[in-house]
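The following exercises go through one protein model in steps. Read each task, try it on the structure, then compare with the solution.

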Amino acid sequence: MQKPRTTAVLAVSVLGVLLSACGAQPGSGSDAAPDAPDLPVAGTHWTIASVTVDGARSAAPPGANLEITQKGRAQGHTGCNGFGAAVDVHGDSLTVSPQEVTEIGCPPDRDRFERALLKALDGKLKGSMRDKALTLTSADGRSTVELTAEPDAPLVGTTWTVNALLAGDTAGALPAGSEGKAKLTFGKDGRLTGSLGCNRVTAPAQITGSRITLGAIATTRMICTGPEMDLETKLYDALDGPLTFRLDHRTLTVTDADGQGFTAQAGEAGQAGQSGQAGQAPSGASR
């Protein structure tokens, strides 16, 4: 069983020659034509579709994304860990400084993708855009990262898949084997529905500003053991009391007054209410 690591930020070693991040503002490079317009990559949330390194293409896992801010900062998620880097955008070139990455332990397949992604997002890259697609290619042509512009996900009507547990300023991995089991949807009918990992759940949900107030939570009565039940117990406790939420593109963060909570990644919109409709309906069991 993998043990989660804390999210202390560490510098990731990178390959190749990396340019200094001192001029990490768009248009601050020195080798592009002075009148060449910068690629409009900043301010857009990009979904990472795939990475190719030395001819080996890897499809990205759910949740892999990248954003480049107007201040020349890249931040994103590999599908397992969060990462950051300074970026200099000049014309059709992007120069990426050494990256930072959190330390949540990854399953083998996501670990391989993460290593390939961090290797490809390294040094001077040439960007090309077509419609809503962006491709970043290394100077030697051996690495490419394919991205697609993606709209923000709304809180209501989106299926949110829980991907990390929070304890104050610390994020931890889900119990091994429970990944993808917990999914929640805030419906337009004012109800929370979904699964906490084992049992289906439903509750009245009032959303005001950045706060969520849940009524009595009803669940099914399946008895589960192992990681699914461990996750369910933690989420049940996290949903107790007044909650605060924050939306960052396609990531939802929910915390209680003590900083306990979870993060979740957006799935497909328009699935509200599907969890808990089939099979056994939630019983009257509630807090």
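How many disulfides does the count come to by the rule that a disulfide is a pair of cysteine sulfur atoms within 2.5 Å? The count comes to two disulfides. The model is a predicted one, in which local features need pLDDT of at least 70, side-chain atom pairs count only at pLDDT 80 or more, and totals for chains, interfaces and linings use all residues. Residues are numbered from 1 along each chain as its sequence is written, and side-chain values use heavy atoms, with hydrogens and water left out.

**Exercise 1. Describe the disulfide of C80 and C106.**

Step 1. The sulfur atoms of C80 and C106 are 2.3 Å apart.

Step 2. C80 sits in the loop between β5 (73-77) and β6, and C106 in the loop between β8 (100-101) and α1 (108-120), so the pair links distant parts of the chain, 26 residues apart. Here helices (H or I, at least four residues) and strands (E, at least two) are DSSP runs, numbered from the N terminus.

Step 3. The torsion about the S-S bond is about -105 degrees, so this disulfide is left-handed.

Step 4. Accessibility is graded as buried (under 20% relative accessible area), exposed (over 50%) or partly exposed (in between), with a 1.4 Å probe and protein chains only. C80 has a relative accessible area of 11% and is buried; C106 is buried too, with 8%.

**Exercise 2. Do the same for C198 and C224.**

Step 1. The sulfur atoms of C198 and C224 are 1.5 Å apart in the model.

Step 2. C198 lies in the loop between β15 (191-196) and β16, and C224 in the loop between β18 (218-219) and α2 (227-238), so the link ties together parts that are 26 residues apart in sequence.

Step 3. With 60 degrees about the S-S bond, the link of C198 and C224 is right-handed.

Step 4. C198 counts as buried at 10% relative accessibility, whereas C224 counts as partly exposed at 22%.

Step 5. When the bonded cysteines of the protein chain are numbered in sequence order, the pairing reads 1-2, 3-4.

**Exercise 3. Place strand β17 among its neighbours.**

Step 1. Strands pair if DSSP finds at least two bridges between them. Strand β16 (residues 200-208) is joined to β17 by four bridges, and the two run antiparallel.

Step 2. T208 has R211 in β17 as its bridge partner. β16 and β17 form a hairpin with two residues between them, and G209 in the turn has a positive phi of about 60 degrees.

Step 3. Two bridges join β17 to strand β19 (residues 243-248), again in an antiparallel arrangement. I212 stands opposite L243 in β19.

Step 4. Strand β17 (residues 211-214) has a covered face, made of I212 and L214, and an uncovered face, made of R211 and T213.

**Exercise 4. Find the salt bridges and locate three of them.**

Step 1. A salt bridge is a side-chain nitrogen of Lys or Arg within 4 Å of a carboxyl oxygen of Asp or Glu. A search of the whole structure gives six salt bridges.

Step 2. One of them joins the side chains of R142 and D54, at 2.8 Å from N to O. R142 is in the loop between β10 (133-138) and β11 (143-149), and D54 in the loop between β2 (45-53) and β3 (56-59), 88 residues apart. R142 is partly exposed at 49% relative accessibility, as is D54 at 43%.

Step 3. D111 forms a salt bridge with R115, their closest N and O atoms being 2.9 Å apart. Because D111 and R115 are four residues apart in helix α1, about one helical turn separates them. D111 is partly exposed at 23%, while R115 counts as exposed at 59%.

Step 4. The side chains of K234 and D230 meet in a salt bridge with an N to O distance of 2.6 Å. K234 and D230 are four residues apart in helix α2, so they too are separated by about one helical turn. K234 counts as partly exposed at 37%, and D230 as partly exposed at 32%.

Conventions:
A disulfide is a pair of cysteine sulfur atoms within 2.5 Å.
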